[in-house]
Each structure stands twice: as structure tokens, then as C-alpha cells.
Amino acid sequence: SRRLQTRRAHGNGEKLMMPPLLPPAAMVVVAPGAIFVVPMGAPSPEGAEPSMRQQSSIHAPEFPSGLPWLNTDRPLSLRQLRGKVVLLDFWTYCCINCMHVLPDLKRLEHKYPAELVVIGVHSAKFSAEQDTDNIRSAILRYEIEHPVVNDRDMRIWDSYEVQAWPTVVLIDPEGRIVARRSGEGVYEALA
């Protein structure tokens, strides 16, 4: 089984066990009712043993209330999305690497339209990027179709202990964090 990394919890000083970055030689496979982290070259999910399923007891932190949401008519919650695989994309519109991830996200959304929900978590690097109107312009410019939350005070970033742009966090249908990855190459790692 894969080792879990120990990370500092914000606020109460407790230690959390966070799933490690998804290794480049593995892929996440979405199957009805399950997510498998499968080494490259391993059997397909139909032939995989249940023990291969990535296990995590870390429940994904809920989104804070009061944040501006774009590309949706209401704020989303992880509780509402139970039963779906959720991919959080931590990005900022002035990051070229973040822009390189967008086509991968679009491909994943089209490949798994019924199973996967992508949510952009815009976590500003510069003060001008905190402005919701500037983010809205970037969403239109880059043709982003999935919901985006303006994490202008980095509250979601901190709760997920993200350390770099871009970072994606994969949440299983039961609301547990099962994988995280920083950098480009998201489609190859998850498709």
C-alpha cells in the first residue's frame, strides 16, 4: 500500500495524513462506484483486485461560505457533489503552467461527463488576480466552462495545503481525498 505523507493541519496543530502526489507511473481510473490508482501497465480495472483501490480516510474540507462563484448559478458544496468524482484545479490566470492544464481538464470533462465534476479554485498570486471581474474576463478568454470559485484570501488553498500552481486534488464519490498532483500533464496522469 502507498505511504501517506504527514502534513500540518491549519488551526488546531493536529497532524493530517494527506495522500501523496500521484506518481508519474500511475493513473487514476474512474469506474462505476470506484476510483483505482493503477500502475502503468497493470491490468484494467475490471481485472483489478479491490485492494488496489486507493484508500484514504481524509475527508475533503468543505468550501468556505461567502466566496464568489463563477460559471454556476449558486455556490457549490462537496456535500452536494457526493456520488461524483470531483477534481479541484488550483490555478491563477497569470500562471502559464495553469493555462497549459486547461485543455487537459476540458478533455477529462468530455471523457467523463457523468462521473467527473471539475471545479476551478482560483487562488490569486498577485493582488489584481483577486478581483472577481478580472477572473471572469480570464474565464471568458480561456473558454473555461466548469465552475470556478474565487479563493481570493487563499482559504481553500490553505485548507488543502496546496503549495504550488497548478495543483489538482482528486476527491472520490464519498468525499475523500484520493490523489493530488502539482504541475502539468494532468490528462496523462488521470485518463
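# Questions about a predicted model

Colleague: Trp-157 has a relative accessible area of 8%. Why is Trp-157 called buried?

Modeller: Buried means under 20% relative accessible area, exposed means over 50%, and partly exposed is in between (1.4 Å probe, protein chains only). Trp-157 has 8%, so it counts as buried. By the way, this is a predicted model, where local features need pLDDT of at least 70, side-chain atom pairs count only at pLDDT 80 or more, and totals for chains, interfaces and linings use all residues. Residues are numbered from 1 along each chain as its sequence is written, and side-chain values use heavy atoms, with hydrogens and water left out.

Colleague: What makes Trp-165 partly exposed?

Modeller: Trp-165 has a relative accessible area of 25%, which falls between the two cut-offs, so partly exposed it is. A cis peptide bond also joins Trp-165 to Pro-166, with omega about -20 degrees.

Colleague: How many aromatic pairs does a search of the whole structure find?

Modeller: The search finds four aromatic pairs. Take Phe-90 and Tyr-160: their ring centres are 5.8 Å apart and their planes are at 55 degrees. Rings of Phe, Tyr and Trp (its six-membered ring) pair if their centres lie within 6.5 Å; planes under 30 degrees apart count as stacked, over 60 as edge-to-face and the rest as tilted. So Phe-90 and Tyr-160 are a pair, and a tilted one.

Colleague: Which parts of the chain does the pair link?

Modeller: Distant ones: Phe-90 sits in strand S6 (residues 85-91), while Tyr-160 is in the loop between helix H3 (155-159) and strand S9 (167-171), 70 residues apart. Helices (H or I, at least four residues) and strands (E, at least two) are DSSP runs, numbered from the N terminus. Phe-90 is buried at 0% relative accessibility, and Tyr-160 is buried with 0% too.

Colleague: Why is the aromatic pair of Trp-157 and Trp-165 called tilted?

Modeller: The rings lie 4.6 Å centre to centre, with 40 degrees between the planes. That angle is neither under 30 nor over 60, so tilted is the word. Phe-90, Trp-157, Tyr-160 and Trp-165 form one aromatic cluster.

Colleague: Now the polar side. What joins the side chains of Asn-150 and Thr-132?

Modeller: A polar contact of 2.9 Å. A polar contact is a pair of N or O atoms within 3.5 Å; within protein, one must be able to donate a hydrogen and the other to accept it, and residues adjacent in sequence count only if both atoms are side-chain atoms. At 2.9 Å the pair passes the distance cut-off, so the label fits. Asn-150 lies in strand S8 (residues 148-150) and is buried at 0%.

Colleague: What makes Glu-143 exposed?

Modeller: Its relative accessible area is 55%, over the 50% limit, so it is exposed. Glu-143 lies in the loop between H2 and S8, and its phi is near 55 degrees, a positive value in a residue other than glycine.

Colleague: And Glu-161, buried or exposed?

Modeller: Buried, because 8% relative accessibility is under 20%. Glu-161 also has a positive phi of about 55 degrees although it is not a glycine, and it lies in the loop between H3 and S9.

Colleague: How many residues does the largest nonpolar core have?

Modeller: It has 27, and Leu-87 and Leu-108 have the most contacts inside it. A nonpolar core is a set of buried Ala, Val, Leu, Ile, Met, Phe, Trp, Tyr and Cys residues joined through side-chain atoms within 4.5 Å. The elements giving two or more residues include S6, helix H1 (96-111) and strand S7 (116-122). H1 brings the largest share, six residues. Apart from this core lies another, of 23 residues, with Trp-157 among them.

Colleague: What is the mean pLDDT of the chain?

Modeller: The mean is 80, and 70% of the residues reach 70 or more. pLDDT is the predictor's confidence in each residue, from 0 to 100. Over residues 37-42 the pLDDT is below 50, yet beyond near neighbours in sequence this stretch has 20 contacts in the model. Contact means heavy atoms within 4.5 Å. Residues 47-55 also stay under 50, with 16 contacts beyond four places in sequence.
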